[in-house]
Amino acid sequence: GLQGREEEDDPVIVIHDCYNHTDHAPNADEQYLKNAKFEDYLEDVTRRYLDGQIPALNMSEPEPRHQTKPILTLVQSTFNHTVSDPEKDVVVFMTKEGCHECDVIEGWLKEIAEQLVDMGEPIIVTKIDMSKNTLDRDVWTYQDGPKLYLVPGGSRREEIQWFPGHLDVNPHWIKKFIGSNAKLSFKNCKAPPKESFEDIVGTKEETKGEATKGKDEL
């Protein structure tokens, strides 16, 4: 171990990838049963990480039970099954703990989700806390909050759509984004064209809401 330390006092090694927002660590047995000086072990772990030999840890919150809120809470272990439903368009909102902007957008999404439920459309609004869950980065490249995506339903999986970064983030443009990208919703004879979704679904905060500015993409 380090000078003046007992071997069992050596810290556990976790490497955080700031670019991909992933954590990497050797398995617990290896860390606690290592037979090497800590300095040598740290060098070996670092080398193996740089060589791609230490995969990312999976993070997932416990699966929520008995959900009754209009926005469905997802975790890593329930995410793929839910967003891959071929019979629904799925809105995905990536949030994170302690994010005021995320809280504002979630309030708008809650009202929109309630109205979508009342309309009986095959679309669901979901959220996932990216400070507590990890996803496949090959598919979900930007894993931070706030980010807003729509996964179109249908027998053929369409490309995932993300909220355009050049638009102000407010209820009007969120509804325009949903209406323009949904594949299964707004098709019954009584529904107006999907592009005009924002004209038929109003929110309490639409005229007085706090608009937030889009980043590279939301």
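## Sheet and nonpolar cores

Strand β4 (residues 89–95) pairs with strand β6 (residues 147–151) in the antiparallel sense over five bridges, where two strands count as paired if DSSP finds at least two bridges between them, and where strands (E, at least two residues) and helices (H or I, at least four) are DSSP runs numbered from the N terminus. This is a predicted model, in which local features need pLDDT of at least 70 and side-chain atom pairs count only at pLDDT 80 or more, whereas totals for chains, interfaces and linings use all residues. Residues are numbered from 1 along each chain as its sequence is written, and side-chain values use heavy atoms, with hydrogens and water left out.

Five strands form an open sheet of mixed pairing, in the order β3-β5-β4-β6-β7. The two edge strands, each pairing on one side only, are tabulated here.

| Edge strand | Residues |
|---|---|
| β3 | 71–74 |
| β7 | 161–162 |

Helix α5 (residues 171–181) packs on this sheet, touching β4, β5 (123–129), β6 and β7, with contact meaning heavy atoms within 4.5 Å.

The largest nonpolar core (buried Ala, Val, Leu, Ile, Met, Phe, Trp, Tyr and Cys residues joined through side-chain atoms within 4.5 Å; buried means under 20% relative accessible area with a 1.4 Å probe, protein chains only) has 24 residues, and Leu109, Leu148, Ile174 and Ile178 have the most contacts inside it. The elements giving two or more residues to this core are β4, α4 (100–119), β5, β6 and α5, and α4 provides the largest share, eight residues. Another core, of twelve residues, lies apart from it and includes Phe79, Met94, Ile128 and Tyr149.

Technical notes:
Axes fitted to C-alpha atoms, helices over the stretch in contact; angles between N-to-C directions. Buried < 20%, exposed > 50% of the residue type's maximum accessible area, 1.4 Å probe, protein only.
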